[in-house]
There are 2 protein chains.
Amino acid sequence: MPELRQNPITKEWVIIAPTRGQRPTEFKAEIHEDNSPIYDPNCPFCPGNESMAPEEILSFQSEQKNGWAVRVIPNKYPALTPQGNYTRKNISDFYRKMQDAVGSHEIVIESPQHNAKLGFMPDEQVKTILTAYKKRYLTNCNSGYKLVTIFRNYGEAAGTSLRHPHSQIIATPIVPNSKRYPVEEAMRYYDDNGACVFCDMINQELAVQDRIVILGKKFILFEPFASRIPYETCIMPISHAASFSFITSEEIEELAHILNQFLKLIYFKLNNPSYNYMIQTIPCKSERNLFYHWNLVLLPRLTKFAGFELGSGIHINNMYPEECAAILKDQK
Amino acid sequence: MPELRQNPITKEWVIIAPTRGQRPTEFKAEIHEDNSPIYDPNCPFCPGNESMAPEEILSFQSEQKNGWAVRVIPNKYPALTPQGNYTRKNISDFYRKMQDAVGSHEIVIESPQHNAKLGFMPDEQVKTILTAYKKRYLTNCNSGYKLVTIFRNYGEAAGTSLRHPHSQIIATPIVPNSKRYPVEEAMRYYDDNGACVFCDMINQELAVQDRIVILGKKFILFEPFASRIPYETCIMPISHAASFSFITSEEIEELAHILNQFLKLIYFKLNNPSYNYMIQTIPCKSERNLFYHWNLVLLPRLTKFAGFELGSGIHINNMYPEECAAILKDQK
C-alpha cells in the first residue's frame with residue numbers, strides 16, 4: 001500500500017509507492033560502459049591541452065608528480081559572464097530582465113587523468129577538490145554575487161557533456177524563489193520551535209538509525225524520510241552551520257572520505273549510475289543564521305522526472321528510503 | 001551575451017544563454033524511430049486485451065466503427081489508491097505522513113490504435129480525449145480530492161513506459177507547496193495590481209506578438225518570455241478561468257484543433273521530440289477566484305535537467321523564446 005510522506009524542511013510531500021516498480025516497461029535500461037582512455041588528445045581538460053580552454057583561475061600542484069592535481073578554469077561556454085551591468089530593467093511595465101547575465105561559471109577539473117572516477121581517487125585528491133570548492137565559493141561570494149551553486153553532473157542521464165571528471169560552480173546575481181522558499185520554511189520552523197529543522201532532523205535520524213548509511217564524527221549520510229527518488233542521499237554536517245563557507249579542514253578531510261566511500265558503494269550496488277550532486281547552502285551574506293544548515297544532496301538518475309512531477313511538484317518514489325539504506329548497508 | 005529573465009507569474013529567473021548551445025558534446029542525440037504495429041497482442045491498452053487491465057471507469061464509443069474510441073481505466077500500478085484513511089499522522093513529533101496514500105490514478109487510453117499519435121488523430125478524437133479529461137476532473141474533484149493533475153508523457157526521454165497513446169490523471173489528497181507558491185504569487189500580483197497576472201501576460205503577448213505561435217479565438221499558444229527550456233510552450237484560454245473544470249465545449253473544440261496542430265508542427269520541426277504536457281489548474285474548491293488562470297504547459301525534452309537546475313531552481317535555456325517562435329512559424 002503506498003503512503004504519503006512530508007519533508008519537514010521543504011514541507012513538500014512525496015508518494016512512496018513500491019508496487020510502481022513492478023510495472024512493465026517496453027524500454028531497455030541504459031547500459032553503462034566506459035572504456036575511455038587515460039588521456040584524450042581532443043579533451044580540453046586533459047594535461048597538455050590547457051591551451052584549448054580559457055586561462056586557469058586556480059590550481060593545486062600534485063605532490064607526487066610534476067604538474068597540476070586539480071585546476072579551476074572559466075567555462076568556455078558560460079551561462080553567465082563576469083562583465084556587465086547588474087541593473088534590473090523593466091520591459092513594458094510587465095516583464096523584468098537583466099540585460100547582462102552577470103555571474104561566474106567555473107569548471108573544477110578534478111584530476112589530470114581523463115578516465116579517473118570520483119569514488120576511486122585517493123581521499124587526498126578529493127580533499128583537494130573540496131578545498132577548491134571552498135576557495136572558489138569564498139571568492140565568488142566576496143565578489144558580490146548573491147548565490148553560489150556547486151554541483152556535479154556524472155553520466156549522460158545526469159546531463160553531463162564531457163567525460164573528463166569535473167564539477168561546476170555557478171555564481172548568480174540573483175537568488176531564485178525556489179531557493180528562498182525552503183529557507184523561509186526553515187525560518188518558520190525556527191520561529192515555532194526555537195531549533196534548526198536540519199539539526200532536529202539529524203537528531204531524529206540518530207534516534208531511529210534505519211535510514212543512516214554512513215555515520216562519521218562530523219558528517220551523517222542518510223536516505224531522507226521523504227526521499228523523492230530511490231537512493232536520494234543527503235550528507236549533512238552534524239554541527240550547525242548555515243553556509244558551506246564555514247567548512248573546516250577537519251570536516252573537508254572526513255567529507256572527502258565519506259564521499260569517496262559512498263560513490264564507490266553506489267558504483268557497485270547500483271551499477272555505475274548517473275547522478276547529480278549539489279551543495280545546498282544559504283545565499284551569500286546571510287551565513288551566520290541559526291535556521292538554515294548546509295548539506296550535500298546526491299540524486300542517482302535511475303528514473304526520469306515526468307509530467308506528474310513537473311506538473312504537480314509531487315514526486316512518486318517506488319522505493320522506501322529505509323529499504324535503500326538496508327540494501328546499501330548489505331542488510332538486505 | 002546571456003541575459004536573465006524573470007517569470008512574472010512564479011517570480012523565478014531563467015538564464016538565456018544562446019552560446020551554451022554551441023558547446024561540444026561527446027554524446028549522440030537520441031534517435032527517434034517508431035515502427036510500432038497498429039495492434040500489439042501484449043499491450044493492455046489495445047482493443048481485445050481489455051481483460052489485461054483493470055475494469056474501465058468511463059468510455060466513449062466510436063461513431064464510425066464498433067467499439068470504443070477513448071476509455072479511462074484505473075492504473076494497474078497506481079501511485080495512489082482510492083481505499084484508505086485520510087488521517088495525517090505525526091511520527092515521533094517530527095515526521096508527518098499519511099499511512100494510506102488515498103487518491104486516484106487513472107489512464108486515459110486515447111485511441112484503440114496502438115501506433116496512433118496525438119497530433120495526427122482527427123480533431124474529433126482529440127475533442128473526445130479532452131472531454132474525458134474534463135469528466136474525470138470533475139468527478140475526482142467532487143470525490144473530495146484536493147488537486148487533480150492531468151498530464152501526458154510522450155517518448156522515452158519524457159518518462160513514458162508504454163507506447164500505446166495515453167494520458168494520466170492523478171488526484172491527490174494533498175496540495176503540495178510547489179503548487180501553492182505560484183498561486184500565492186499570483187494572489188499577491190492581484191492584490192497589488194487588481195488584475196490576473198495571466199490575463200496581463202496574455203495582453204502583453206498580444207501587444208508584442210513575437211512569441212505567439214498560434215492565436216485562436218479562445219486560446220493563445222506562445223513561447224513564454226522566461227521559458228526554462230527551448231520550445232517550452234504555454235496554451236492559455238483567453239477568457240479568465242482559474243480552473244480547467246470551466247472549459248466549455250466550444251473551448252474544447254478549439255483546444256483540440258490547436259493541440260493537434262502544434263503537436264504536428266513539433267513532430268516535423270523538432271524531429272518527433274519526447275515531451276510532457278501538464279494542465280496547470282487551481283486546486284479543487286477554489287475554482288471561482290480571480291487571480292489564478294488555468295493553462296497547459298508543454299515541455300519538449302530536448303535537454304536534461306541537471307545539477308544546476310536541481311540545486312538552484314534556476315534554469316539555463318540556450319534558446320531565446322522569440323527565436324523558437326520564429327522557427328516554429330517558418331520565419332527563420
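The domain assignment divides chain A into domain 1 (36-174) and domain 2 (176-332). The model described here is predicted. Taken over C-alpha atoms, the centres of domain 1 of chain A and domain 2 of chain A are 22 Å apart. The contact between the two domains involves 28 residues of domain 1 of chain A and 25 residues of domain 2 of chain A. On the side of domain 1 of chain A that touches domain 2 of chain A, α1 (123-142) and β8 (147-154) of chain A each supply at least two residues. The greatest contribution to that side comes from α1(A), with 9 residues. By class, the residues of this side of domain 1 of chain A are 17 nonpolar, 5 polar and 6 charged.

**The ten-stranded sheet of chain A**

Chain A holds an open sheet of 10 strands in the order β3-β4-β7-β9-β8-β13-β14-β12-β11-β10, with antiparallel pairing. The edges are formed by β3 (58-61) and β10 (212-215) of chain A; each has a single partner strand, so one side of each lacks a neighbour in the sheet. On average, neighbouring strands of this sheet are turned by 15° against each other, direction ignored.

At one of these edges, β10(A) pairs with strand β11 (residues 219-222) of chain A in the antiparallel sense. Within this pairing, A:I214 has A:L221 in β11(A) as its bridge partner. Helix α3 (residues 197-208) of chain A lies across β10, β11, β12 (233-237) and β14 (295-300) of chain A, and runs at about 70° to β11(A).

**The contact between the chains**

Chain A and chain B each give 72 residues to their contact. The side of chain A that touches chain B has 33 nonpolar, 23 polar and 16 charged residues. Strand pairing also crosses from one chain to the other: strand β6 (residues 95-98) of chain A and strand β1 (residues 3-6) of chain B run antiparallel and are joined by bridges. In this pairing A:R96 stands opposite B:Q6 in β1(B).

Within chain B, β1(B) and β2(B) form a hairpin with 6 residues between them, and B:K11 in the turn has a positive phi of about 70°. In the hairpin, B:L4 stands opposite B:I15 in β2(B). The strand β2(B) pairs further with strand β15 (residues 315-317) of chain B, where B:I316 is the bridge partner of B:I15.

The table lists selected strand pairings.

| Strands | Sense | Bridges |
|---|---|---|
| β10(A) and β11(A) | antiparallel | 3 bridges |
| β6 of chain A and β1 of chain B | antiparallel | 3 bridges |
| β1(B) and β2(B) | antiparallel | 4 bridges |
| β2(B) and β15 of chain B | parallel | 3 bridges |

**The nonpolar core**

The largest nonpolar core has 193 residues, and those that touch the most other members are A:I15, A:V108, A:V148, B:I15, B:V108 and B:V148. Domain 1 (36-174) and domain 2 (176-332) of chain A both give residues to this core, so the core lies between them.

Two of the residues named above can be followed further. Apart from its neighbours within four places in sequence, A:I15 is in contact with A:P2, A:L4, A:I314, A:I316 and A:N317, and also with B:A79, B:L80 and B:A101 of the other chain. In chain B, strand β2 (residues 13-16) is covered on both faces: B:W13 and B:I15 are buried on one side, and B:V14 and B:I16 are buried on the other.

Definitions and conventions. Residues are numbered from 1 along each chain as its sequence is written. Chains are lettered from A and ligands numbered from 1 in the order in which they are written. This is a predicted model: local features need pLDDT of at least 70, side-chain atom pairs count only at pLDDT 80 or more; totals for chains, interfaces and linings use all residues. Two residues are in contact if their C-beta atoms, placed from the backbone, lie within 7 Å. Ala, Val, Leu, Ile, Met, Phe, Trp, Tyr, Cys and Pro count as nonpolar, Asp, Glu, Lys and Arg as charged, and the others, Gly among them, as polar. Two strands pair if DSSP finds at least two bridges between them. Axes are lines fitted to C-alpha atoms, for helices over the stretch in contact, and angles run from 0 to 180 degrees between N-to-C directions. A nonpolar core is a set of buried Ala, Val, Leu, Ile, Met, Phe, Trp, Tyr and Cys residues joined through C-beta atoms within 7 Å. A residue is buried if 20 or more other C-beta atoms lie within 10 Å of its own, exposed if 12 or fewer, and partly exposed in between; C-beta atoms are placed from the backbone. Domain bounds come from an automatic or database domain assignment.
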